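Me: I have a model open and would like to learn how to read its features one at a time. Where should I begin?

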Amino acid sequence: MGIPQPAFYIFKCEQSAPPGMPKPSCVSQANPESRELFGYLGQKLMEKGLIATVSPIRTSCLNRCQQGPVMLVEPGHFMYVALTKQKIDRIIDEHIIGEKPVTEFLIEEEFWDKAIAPMEAMKMSGM
Ligand code: FES
């Protein structure tokens, strides 16, 4: 038997804008909890014995800064927004363990429309 793939990857945006920057960011001084979310996610996955099959990944901007703090759960392109520790608890219990995404925490459809196929994107850019 080979080395098993992770069941899930969780990409947590850890981008923080420099002080004074008007653009919002997922990790900010204005929201002290935002600085603790990645650590909290990892700790909860460890406590529940999930770390062997769920990989938390620190990532930079995922281009949904207005909805931050955000994290993307793969497979499935599930973009969770306005994260808090309580939301992370429910996402782990209901989505990761229970395999039912927590729909009320997902990004609104108008900000997360269908992806553009790469061939289509090439045509649109004149390639
Ligand atoms: S800073 Fe997190 S999505 Fe842009």
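Reply: Begin with the elements: helices and strands are runs assigned by DSSP, numbered from the N terminus. This is a predicted model. Along the sequence, the protein chain has the pattern β-α-β-β-β-α-α.

Me: How many helices and strands does that make, and what are the dimensions of the C-alpha trace?

Reply: The protein chain holds three helices and four strands. Its C-alpha trace spans about 50 × 45 × 25 Å along the principal axes.

Me: What share of the residues counts as buried?

Reply: A residue is buried if 20 or more other C-beta atoms lie within 10 Å of its own, and exposed if 12 or fewer do. By that count, 23% of the 127 residues of the protein chain are buried. As for contacts between residues at least 6 apart in sequence, 61% join residues at least 24 apart.

Me: How do the strands pair, and in which sense does β1 run to β2, parallel or antiparallel?

Reply: Look for the bridges between two strands. β1 (8–13) and β2 (54–59) run parallel and are joined by six bridges. Phe8 stands opposite Val54 in β2. From β1 the chain crosses through α1 to β2, a right-handed β-α-β crossover.

Me: Which sense does β1 take with β3, parallel or antiparallel?

Reply: β1 pairs with β3 in the antiparallel sense, over four bridges. One partnership to find on screen is Phe11 with Leu72 in β3. When you look at side chains there, keep a general rule in mind: in a regular strand they alternate between the two faces of the sheet.

Me: How do I read a helix such as α1, and which of its residues are buried?

Reply: List the buried residues, then ask where they point around the axis. α1 covers residues 37–47, and Leu37, Phe38, Leu41, Lys44 and Leu45 are buried there. They lie on the same side of α1 because they cover an arc of only 130° around the axis. Gly39, Met46 and Glu47, on the other side of α1, are exposed.

Me: What do the buried residues of α1 pack against?

Reply: Their packing partners are β1, β2 and α2. After α1 comes Gly49, with a positive phi near 70°.

Me: Phi brings me to the backbone. Which residues other than glycine have a positive phi?

Reply: Check the residue type beside the angle. His77 has a positive phi of about 60° although it is not a glycine, and His77 sits in the loop between β3 and β4. Ala82 is another such case, with phi near 50°; Ala82 is in the loop between β4 and α2 (85–97).

Me: Why do His77 and Ala82 count as exposed?

Reply: Apply the neighbour count again. His77 counts as exposed because it has 10 C-beta neighbours inside 10 Å. Ala82 has 12 C-beta neighbours inside 10 Å, so Ala82 also counts as exposed.

Me: Where are the cis peptide bonds that precede a proline?

Reply: Read omega for the bond. The bond from Gly68 to Pro69 is cis, with omega near -5°, and Pro69 is in the loop between β2 and β3 (71–74). Glu74 and Pro75 are also joined by a cis peptide bond, with omega about 10°. Pro75 is found in the loop between β3 and β4 (78–80), where His77 lies as well.

Terms used: Residues are numbered from 1 along each chain as its sequence is written. This is a predicted model: local features need pLDDT of at least 70, side-chain atom pairs count only at pLDDT 80 or more; totals for chains, interfaces and linings use all residues. Two residues are in contact if their C-beta atoms, placed from the backbone, lie within 7 Å. The arc is that of the directions from the helix axis to the C-beta atoms. Two strands pair if DSSP finds at least two bridges between them. A crossover is right-handed if, with the strands pointing away from the viewer, the path from the first strand over the helix to the second runs clockwise.
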